[in-house]
Amino acid sequence: MRQFTAVVNPTAGGATSAAALLGVARLLREAGAELETEYSSSLAHARELARHAGERGRVVLAVGGDGMAGGIGGALSGTGALLGLVPAGRGNDFARALELPTEPAALAEVLLRGEARPVDTIEVTSAVHDRTVVLGSVYAGVDALANHHANHARLLRGTASYYAGALRAITTWRPTRYRVTVDGEEHAFTGYTAVAANSGYYGSNRLIAPSARVDDGLLEVVMIHHAPRRLFFALMNELGSGAHVRRPQVRVLRGREVRIEADRAIPYGADGEVEAVVPVTARVLPGALRVLCRTRD
C-alpha cells in the first residue's frame, strides 16, 4: 500500500485546496493507505517539503493548481520520487493534459492503483533564475503579462481574473520583436508571444499547443505573430479548441532547447508562477518525473 505526503499551501487558495484534499484523503485512508499532510508557507517551502518526503520513499501529493504542481514536480524532477496530483487550482492545466479525474473517488483510485508514468519536465534558466524546473510551459509576452495581472487581481478570482488580466494585457501591448532559437536555429518575428510547451494546455484550459505531448522528449514552440487587434481577439477565442494553429499568424515548431529573446524587457512566466523578464532558455528533460496516472490498457 502506498504511503502519501500531501503538501498544501494554506495561503494560496487554501480553502479550495483543503476541500479538494478532504474527500480524497478519506478514501485513501479507508483503503488502508497512510497519509500525512504538510502545510507550506511558500512555494519554496513546498519544494523543500516535497523533496524531504520523496527522500523518505513517500508518494508526494501536490494539492493546488499549476503553480503548486509545477513547483513540487520540478523539485522532484530527476529524483526518482513519485508525484500524485490533487487538482485544486484555477487552471489545473497539467492535470488536464494527463487526463486526471477531479471527482474524489476516481482520483483516489488513480492515486491508489494508477501507474507511475514517466513524463518530461522543463529546465528554465535566465539571468534572474539560475535554474528552475517546471512541468507545463514557458511563455514570454502578452500571456505572461496577462497572468501577472490575474495573479495580482484584488477584486476578481478564478477564471474571471484570467479574462480581466488578458483584456488588460492585450489592450496595452505593443508589438515586440522576438528572436527565438530552437535547437540552434534562429527565428525572428514581430508579435505577441512565444511559448515553449511541454503540456498542450495553459492559462486555465486554453489549448495553446494541441500537438504537445508530456512524454515525447520535445517542446512544442508556438509563436504568435503580429496581427490587427480585432484579429488577435478572434485568434484568442480559438485557443479553446486549438484552431488558432491553422492561422497564418501562428507558427509552430518542435525542439529540445528553446531560447527566447526580445528587443525589450518583456515578461515571461512558467506554470503560472515564475515571473521575470527575457532572455530565457527552456530545455526539455525527457522522462525526468514519475507521475501517477490512469492505468493504460
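**Exercise 1. Describe how H2 passes H3 in this predicted model.**

Solution.
- Start with handedness. The crossing of H2 past H3 is right-handed.
- Now take the geometry. Two packed helices are described by the angle between their axes and the distance between the axes.
- Here H2 covers residues 43-55 and H3 covers residues 66-76. Their axes come within 8 Å and cross at roughly 45°.
- Classify the angle. Angles under 35 degrees count as roughly parallel, and 65 to 115 as roughly perpendicular. The crossing of roughly 45° therefore makes H2 oblique to H3.
- List the contact. H2 contributes Leu43, Ala46, Arg47, Ala50 and Arg51. H3 contributes Gly67, Met68, Gly71, Ile72, Ala75 and Leu76.
- Sort the contact of H2 with H3 by class. Seven residues are nonpolar, two are polar and two are charged. Gly counts as polar here.

**Exercise 2. Determine how many residues of H3 are buried, and say what follows.**

Solution.
- Apply the cut-off: buried means under 20% relative accessible area.
- Count. In H3, 11 of the 11 residues are buried, so the helix is largely enclosed by the rest of the structure.
- Name them. The buried residues are Asp66, Gly67, Met68, Ala69, Gly70, Gly71, Ile72, Gly73, Gly74, Ala75 and Leu76.
- Check what comes after the helix. Gly78 follows H3 and has a positive phi, near 80°.

**Exercise 3. Locate Thr281 and Thr176, and find the side chain that each one joins in a polar contact.**

Solution for Thr281.
- Position: Thr281 sits in strand S17, residues 280-293.
- Exposure: its relative accessible area is 13%, so Thr281 is buried.
- Partner: the side chains of Thr281 and Arg259 are joined by a polar contact of 2.9 Å.
- Surroundings: leaving out residues up to four places away in sequence, Thr281 touches Glu123, Val124, Thr125, Glu257, Val258 and Arg259.

Solution for Thr176.
- Position: Thr176 belongs to strand S8, residues 176-182.
- Exposure: Thr176 has a relative accessible area of 0%, so it is buried.
- Partner: a polar contact of 2.8 Å links the side chains of Thr176 and Arg264.
- Surroundings: with the same sequence neighbours left out, Thr176 touches Phe189, Thr190, Gly191, Ala262, Asp263, Arg264 and Ile266.

**Exercise 4. Is the peptide bond from Val278 to Pro279 cis or trans, and where does Pro279 lie?**

Solution.
- Recall the background. Most residues other than glycine have a negative phi, and most peptide bonds are trans.
- Read omega. For the bond from Val278 to Pro279 it is near 10°, and the bond is cis.
- Place the proline. Pro279 falls in the loop between strand S16 (274-277) and S17.

**Exercise 5. For Glu99 and Asp183, give the sign of phi, the location and the exposure.**

Solution for Glu99.
- Phi: Glu99 is not a glycine, yet its phi is positive, about 60°.
- Location: Glu99 is in the loop between helix H4 (93-97) and helix H5 (104-113).
- Exposure: the cut-off for exposed is over 50%. Glu99 has a relative accessible area of 59%, so it is exposed.

Solution for Asp183.
- Phi: Asp183, also a residue other than glycine, has a positive phi near 50°.
- Location: Asp183 occupies the loop between S8 and strand S9 (185-197).
- Exposure: the relative accessible area of Asp183 is 44%, so this residue is partly exposed.

Terms used
Residues are numbered from 1 along each chain as its sequence is written. This is a predicted model: local features need pLDDT of at least 70, side-chain atom pairs count only at pLDDT 80 or more; totals for chains, interfaces and linings use all residues. Side-chain values use heavy atoms; hydrogens and water are left out. Axes are lines fitted to C-alpha atoms, for helices over the stretch in contact, and angles run from 0 to 180 degrees between N-to-C directions. Helices (H or I, at least four residues) and strands (E, at least two) are DSSP runs, numbered from the N terminus. Angles under 35 degrees count as roughly parallel, over 145 as roughly antiparallel, 65 to 115 as roughly perpendicular and the rest as oblique. A crossing is left-handed if the near helix is turned anticlockwise from the far one by less than a right angle, and right-handed if clockwise. Contact means heavy atoms within 4.5 Å. Buried means under 20% relative accessible area, exposed over 50%, partly exposed in between (1.4 Å probe, protein chains only). A polar contact is a pair of N or O atoms within 3.5 Å; within protein, one must be able to donate a hydrogen and the other to accept it, and residues adjacent in sequence count only if both atoms are side-chain atoms.
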